Amino acid sequence: MVDKLARLTAEQRSNFVAYLDGELNEDEAQRIEQLLAQNEVARHDMESLASTWEMLDTLPRVKASDEFAQNTLATVKMEDDQRPWSEPEWMSEARRIGVRAVGWVLVMACGLGGYLLARSVPPTTTDAMIENYPLLKNFDSYEEVGSIEFLQKLQSNPEWQRRRVEFGQGGR
């Protein structure tokens, strides 16, 4: 048995309007009728809603002019076409350009950071050999010289200086 003063759910209340309009199927209509028969609160709410509906029916009906309908539709279309005040077209364009600029700055910063990091790594043995390749290519010839003193004496020799000038190597 249903409590005579039980509160109604939102679904039951929303079905009252559909019941008055005759929009419920047979099963739902029977459930509402059973609820009305067993629950005083439901009967009171239904009577209140029915009397409100009847009072609304007594009000004069006003028909909107065709011009009103056209103006309303034109206003709705115009509002759909316009951007909201909070974001004008230039602002969205500026945001798009700003995002791209920040992206490029990040790419450049990463590139510069990578370059600086690579330069800070000490050279390997292979790097040193590549850098000194011209010297290493003639290493056997330099080894035959023996010592640096011999090369210094050779360089200070006037004959050596003259030959260097003749061959276009200049002198010091």
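This is a short talk on how two helices pack in this model and on its largest pocket.

Hi everyone, thanks for coming. Please keep in mind that what you see here is a predicted model.

Let's start with the helix pair. Helix H2 covers residues 26-38, and helix H3 covers residues 40-58. Their axes come within 5 Å and cross at roughly 110°. Angles of 65 to 115 degrees count as roughly perpendicular, so H2 is roughly perpendicular to H3. If you turn the model on your screen, the crossing of H2 and H3 is left-handed.

Which residues in H2 and H3 meet? On the H2 side, they are Ile-32, Leu-35, Leu-36, Ala-37 and Gln-38. On the H3 side, they are Glu-40, Ala-42, Arg-43 and Met-46. By character, this contact holds six nonpolar residues, one polar and two charged.

Now for the pocket. The largest one has a volume of about 160 Å³. Its lining is made up of Glu-11, Gln-12, Asn-15, Glu-28, Arg-31, Ile-32 and Leu-35.

Which helix gives the most to that lining? That would be H2, with four residues. Helix H1, residues 10-21, also takes part: H1 and H2 each supply at least two lining residues. As for chemistry, the lining divides into three charged residues, two polar and two nonpolar.

One last thing to look for on your screens: Ile-32 and Leu-35 belong to the H2 side of the contact with H3, and both also line the largest pocket.

That's my tour, and I'm happy to chat afterwards!

Conventions
Residues are numbered from 1 along each chain as its sequence is written. This is a predicted model: local features need pLDDT of at least 70, side-chain atom pairs count only at pLDDT 80 or more; totals for chains, interfaces and linings use all residues. Side-chain values use heavy atoms; hydrogens and water are left out. Axes are lines fitted to C-alpha atoms, for helices over the stretch in contact, and angles run from 0 to 180 degrees between N-to-C directions. Angles under 35 degrees count as roughly parallel, over 145 as roughly antiparallel, 65 to 115 as roughly perpendicular and the rest as oblique. A crossing is left-handed if the near helix is turned anticlockwise from the far one by less than a right angle, and right-handed if clockwise. Contact means heavy atoms within 4.5 Å. Ala, Val, Leu, Ile, Met, Phe, Trp, Tyr, Cys and Pro count as nonpolar, Asp, Glu, Lys and Arg as charged, and the others, Gly among them, as polar. On a 1 Å grid over the protein atoms alone, a cavity is a set of points where a 1.4 Å probe fits but cannot get out, and a pocket is an open set with protein on both sides within 12 Å along at least five of seven lines; lining residues have an atom within 4 Å of a point. Grid points are joined across faces, edges and corners, and a volume is the space filled by probe spheres set on the points.
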